[in-house]
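Student: Could you take me closely through the sheet in this model and what packs against it, giving the cut-off behind each term as you go?

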Amino acid sequence: MYYFFTKYIIYRCGLLFFLLIVSCAQLPVKDGDFSPSHKKYSVTLPAKGWESIKVGKEDIAIWNGQSRATIAFISSVIQGKKSSLEMLRRQLFIGMKSNKILLSEPVLVGNQAAMHTILSCNIDNHNIKIESYVIRLGNSVYDLVYWAPFDSFDNAREDFVGAINSFKSSTPIETQHR
């Protein structure tokens with residue numbers, strides 16, 4: 001049941017971004033590092049208790065069955081559009097009704113400007129909590145997303161925070177969106 005719930009959440013969180021992704025092939029993880037060269041970023045994935053799943057066109061998604069938590073990294077290209085981080089954050093959650101934003105703040109992730117959001121919502125009678133970081137570098141947008149049932153949200157959150165702290169971009173500074 002939670003597998004299908006996870007599929008539904010990824011679909012809802014990133015429908016617009018999924019349509020813009022050119023490549024949907026999942027790349028191998030080497031020594032815990034996920035670094036798709038054509039996406040120009042790298043991140044260290046949690047080591048224990050997580051398994052890779054494929055439920056959409058995300059770069060990678062991993063599932064923790066014990067906490068019923070999912071982490072997804074979604075990247076897309078937006079050619080020639082000037083979009084603020086706030087607008088990109090809103091697009092990530094478009095179509096999610098009855099959500100309550102608990103936190104929305106600009107932060108730095110890997111020395112890059114990002115919009116950090118935590119929200120709660122009810123999807124198909126399941127209370128969930130979602131945490132996301134939206135980063136824009138040049139024409140690339142990176143959505144780093146974690147979600148779990150509301151009552152077990154904190155159980156695996158530190159793994160997500162560790163992955164966020166390891167985020168590195170290989171996009172040259174001069175092409176980054178200001």
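Tutor: What follows describes the sheet, then the helices that lie on it, and then two residues.

This is a predicted model, in which local features need pLDDT of at least 70 and side-chain atom pairs count only at pLDDT 80 or more, while totals for chains, interfaces and linings use all residues. Residues are numbered from 1 along each chain as its sequence is written, and side-chain values use heavy atoms, with hydrogens and water left out.

The sheet is open and has 7 strands in the order E3-E4-E5-E9-E8-E7-E6, with antiparallel pairing; helices (H or I, at least four residues) and strands (E, at least two) are DSSP runs numbered from the N terminus, and two strands pair if DSSP finds at least two bridges between them. Strand E3 (51-53) and strand E6 (100-109) stand at the edges with a single partner strand each, so one side of each is left without a neighbour in the sheet. Neighbouring strands are turned by 20 degrees against each other on average, direction ignored, where axes are lines fitted to C-alpha atoms, for helices over the stretch in contact, and angles run from 0 to 180 degrees between N-to-C directions. Within the sheet, strand E5 (residues 69-77) pairs with strand E9 (residues 140-149) in the antiparallel sense over 8 bridges, and Val77 has Ser140 in E9 as its bridge partner.

Helix H2 packs on this sheet, touching E6, strand E7 (112-123), strand E8 (126-137) and E9, and its direction makes about 145 degrees with that of E8; contact here means heavy atoms within 4.5 Å. The buried residues of H2 (residues 85-92) are Leu85, Leu88, Arg89 and Leu92, buried meaning under 20% relative accessible area with a 1.4 Å probe and protein chains only. Seen down the axis of H2, these residues fall within an arc of 105 degrees, so they line one face of the helix; the arc is that of the directions from the helix axis to the C-beta atoms. Helix H3 (residues 157-165) lies across E5, E6, E7, E8 and E9, running at about 165 degrees to E9.

Ile164, found in H3, is buried with a relative accessible area of 4%. Not counting residues up to four places away in sequence, Ile164 touches Val109, Tyr133 and Leu144; Val109 is 55 residues from Ile164 in sequence, yet 6.9 Å from it in space, C-alpha to C-alpha.

In strand E7 lies His116, which counts as buried at 5% relative accessibility.

Terms used. Buried < 20%, exposed > 50% of the residue type's maximum accessible area, 1.4 Å probe, protein only.
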